[in-house]
Structures are given as structure tokens and as C-alpha cells.
Amino acid sequence: MKRPDQRRRFSCLVFLPVLCWTFIFPANRIGADDQPINQRLLQRLLGRHDRARLAAMMSIGTDYQSRIEALPTVLKGLEQLKDDARFTRPPKPGVPELPDGILQMIQFAGGLDRPESTDTLCDLLSMQRITWVLASAQTLGHNRHHSAIDSINSLVDSDFFDENYGFRFTVARALTEMNHPDAWESLANIALHVDGQLAYLLEQEFQEVSVDAFLGEQKRFQAWRDSLGFNSKDASSLAPSGGNALAEAARILSGKPAKESGPTSTPEMAGDLPLPEKMSLSSGQSAVSYLREKRLHPSHYYGIEIYAKRLLFVLDRSGSMDTMIYGQSRMQRAKRELIAAIQGLDPECEFGIIVFDSSVRAWRNDLVKAEEQTKREAIQYVSNLACGNRTNTYAALRQSLEFNPQVEAVFLLTDGQPTTGQLVNPSAILLDVLRRNQVHNITINTVAIAVEPVMETFLRRLTEPSQGECRVVD
């Protein structure tokens, strides 16, 4: 018969492995697919309140092991939330369609280059909620999930692609950030489906491509150039490169520092793709000549070239615009510049006008074609404008972002700090507008008339993420 101390040792030897197994893999962490699921974390992620969901995401450790352990739970949460009826209803006023907590889940999943992460995010690309799709595509591109390139490229067939400029821009930016030959080939194809501001940006991107983008595959690189028409005689007529606007916009939005300038500091593109049949191009037409045909004759606004096909002019008509300078009021000079810009618009352009003081008013409720009759009516409207009261800059910017999903560029003119509205602090306005514009991807340009240094800084920073321009005038 065993003595008591022997029985104790025997019991420890029997139960110690069981206890260890229970500690490492508790029963409530085993999911249907045999992946460890943290049920407490999952419950918080699926809860009603997004603030709690965001707190749950913030509670995950930043070290690699903690993230790997939490990944199956986060992916399971995304899979369940995408089918949740709560998110099929229109959001309440002031509530974003894509809550911050869910955005954090998407970005967390994309931050780990695992096949299951890629599969889950590619699943979200098929959703009918544009903000979810945009966040997923942007995350896949930013984190270079190369196996998702075909899925992102397939978004060109989505209804969103034709109906929403921000969607087209995000697809192009996601592929640009992939920095992979297959992605550049896809971009060469997408370039044949776009016009206006995005066609201009892609044209600049294409001119920055070198053989390094193909990992040194000279034959494939040359085939891509041939398919685009860059090796043809007429390619030399393209404008000089203006830099990597799409990649730079992504860099600023992500908060990454600028890279050192040099021959290898720019993401590259490549591809050897046939022209898509639905574009109805002639058999001998190259992508380069197609892009050039899509390039509009640019007008100018305070020296800023207008490449957008669909744009908004936003004019400050507050009381301070009545200030006299060199024998003319600021308002008179602003109207003269705006009228000249309207007169110079390409007939293929569509444009709108928003004016603001204490309130915001639109000349027309939608974009209109820049035909001669329409231009005359717009010029008459601008000519009759008079100065109003205070300055509601925030409301004007919000309405600009929400005016029409096809708007590609906004040109905001103002002469002073916000004095009324839901937000008046320039920093708060900047944070809110830039965040909202991550969905719309509108190029914001600003004209600052005799503003104080704080306001000038605000207007400059407002333009930076979208690679817009800021002009300071007296």
C-alpha cells in the first residue's frame, strides 16, 4: 500500500498536465473552428456600445504575442458584426456609419499579415456598406496583403466605383501602397476607368515607375510600358511628374514621416494589361493616350490649376470680406477671381458654388455641367453676392464633403477665423474634417486672404493630406 506522501506525488503527476492544459486552453476559448476564442473579449466586441468595443480593442496588448492571441477573437467578431442587423439601418445623425470600434478591429486585423486576416478583410469587400469596404481596402493596401490584390482590383466592377469618387480614389491608393508588380498592373487597368482628378494623379504616378518596381524583371517592365504607350513617340508630350500624390496622401493620413528624396524613394507601378473591352477604345489606342484624352483643359483659381472634373467653389462672404484693400474690397477681388475660374472651366466639368457667413447656401443643389448658359448664370449669381455676418467655416466644409459623392476637389476661400457654428476652434475643425475626408478623399485647396498665422497654419494643414494647395494672398 502506498504511503500518504507517495499518493500526493502520484496525484500531482496525474493532475498537473490537466491543470496546465486547462490554464492554457480553457473550455470557453475553443471556437467552432478549434481556434482559441476569448469569450469575454468577444462579448465586449459584439456589444451595443461602440465605446465599450473601442475600450476592448485598446485593452489588447501591443506586443506580438498578445495580438496573435487576440486575432481569432477579433476576426470572429468582424464576421458576426458584418451580418448584424444594427448596421443595416441608416446611422443616427452625428453617428458615423463605421463606428470607431469596428474601424479599430479592421485595422487591427490588417496589421497582422496572416492568411485568416486577409480572408476576413476580403470578405468585407463584398459588403454593401461603402465605409466598411473602404476601410478594409485601405487597410489591406496599407499593410501590403499582396494576396488581396485581385480582390481589391475586382472593386472596379462595384456600383460604388462609378458612383463615388472617394471609392475610386481609395481603390487606387490601396493598390499604390501595395508596392507590388501585380498591383501596378491592376492600376494600369483602373486608369482606363477614371477621369478628372484621379486620372491626373495616376498619370503622375505612371511617370515615376522604374524597373525596380518589377523587382528587376526588365522584360515585364518593358512589356508594361509598351502596353501603356510610354515607349511610343507621343509619350513625350506628357507633363512632367508632379510627385507621388496618392502615396503621399496615404503617408500623411497614416502619420508616417516623409522619406528621403532619391531615386528609390517613390513607390513604383508596373503591368502588362490589355485594354478592357467595355471602354470601347480603338485597337491602336494606348492607355497613355487615353489618359491624355481624359485630361481636361485646366482652368485656374488664384493660380491653382484645376484638374478635377467635378468640383466645388466655397466662398466666404462674412462681414470682414467687405474690408477695403488697394481701393477694392476683399469680396470684389474674390468675385473677380471666381468669375475668371468659372469662365475657364472645361465644358466637360461639373461644378457647384457654396457661399457662407453665419449660414451656408448653395447656388444649386447639385453639380451642373460647365456649359456656356450655366456659366453665365453662375457668373450672374457671383456678381450679385453681398457680404453677410459671421464666419461658419465648419458648416461650409461639412456641406462641401457631403454635397455630392462625385466631388473630386474643393476650393475654399476665407479671410478669417471661424466665429460661429458647431465648431469654431480651428484645431477641432481640422481634426473633424480630415477624419471625415478619409472616406471622401476630396482634394481640398484653400485660398487665405490676409489671415492671421494661426488661420494660415489651419488652412495649410487642411490641404496637406489630400495634396491640395494653399495660396496666401493680401
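**Note on the aromatic pairs and helix H6**

1. Phe214 is buried, as is Phe221, and in this predicted model the two rings form a tilted aromatic pair, with 5.5 Å from centre to centre and 55° between their planes. Phe214 and Phe221 also belong to a cluster, joined through ring pairs, that takes in Phe206 and Trp224 as well.

2. The count of aromatic pairs comes to 13. One of them is formed by Tyr200 and Tyr307, whose ring centres lie 3.7 Å apart with the planes at 5°, and because planes under 30 degrees apart count as stacked, this pair is assigned to that class.

3. The pair of Tyr200 and Tyr307 links distant parts of the chain, since the two residues are 107 residues apart: Tyr200 belongs to helix H12 (residues 196-206), whereas Tyr307 lies in the loop between strand S2 (304-306) and strand S3 (310-316). Both Tyr200 and Tyr307 are buried.

4. A contact of another kind involves Arg129, whose charged end sits over the ring of Trp132 at 4.8 Å from the centre of that ring.

5. Helix H6 (residues 115-124) has as its buried residues Ser117, Thr118, Thr120, Leu121, Cys122 and Leu124. For a reader who wishes to follow such positions along a helix, an α-helix has 3.6 residues a turn, so residues three or four places apart point the same way.

6. Which helices do the buried residues of H6 pack against? Their partners are helix H4 (64-81), helix H5 (100-110), helix H7 (130-142) and helix H8 (149-153).

Methods:
Residues numbered from 1 in each chain as written. Predicted model: local features only at pLDDT ≥ 70, side-chain atom pairs only at ≥ 80, totals over all residues. Heavy atoms only, no water. Phe/Tyr/Trp six-rings, centres within 6.5 Å; stacked < 30°, edge-to-face > 60°. Helix = DSSP H or I, 4+ residues; strand = E, 2+ residues; numbered from the N terminus. Buried < 20%, exposed > 50% of the residue type's maximum accessible area, 1.4 Å probe, protein only. Lys NZ or Arg CZ within 6 Å of the ring centre and 35° of its normal. Contact = heavy atoms within 4.5 Å.
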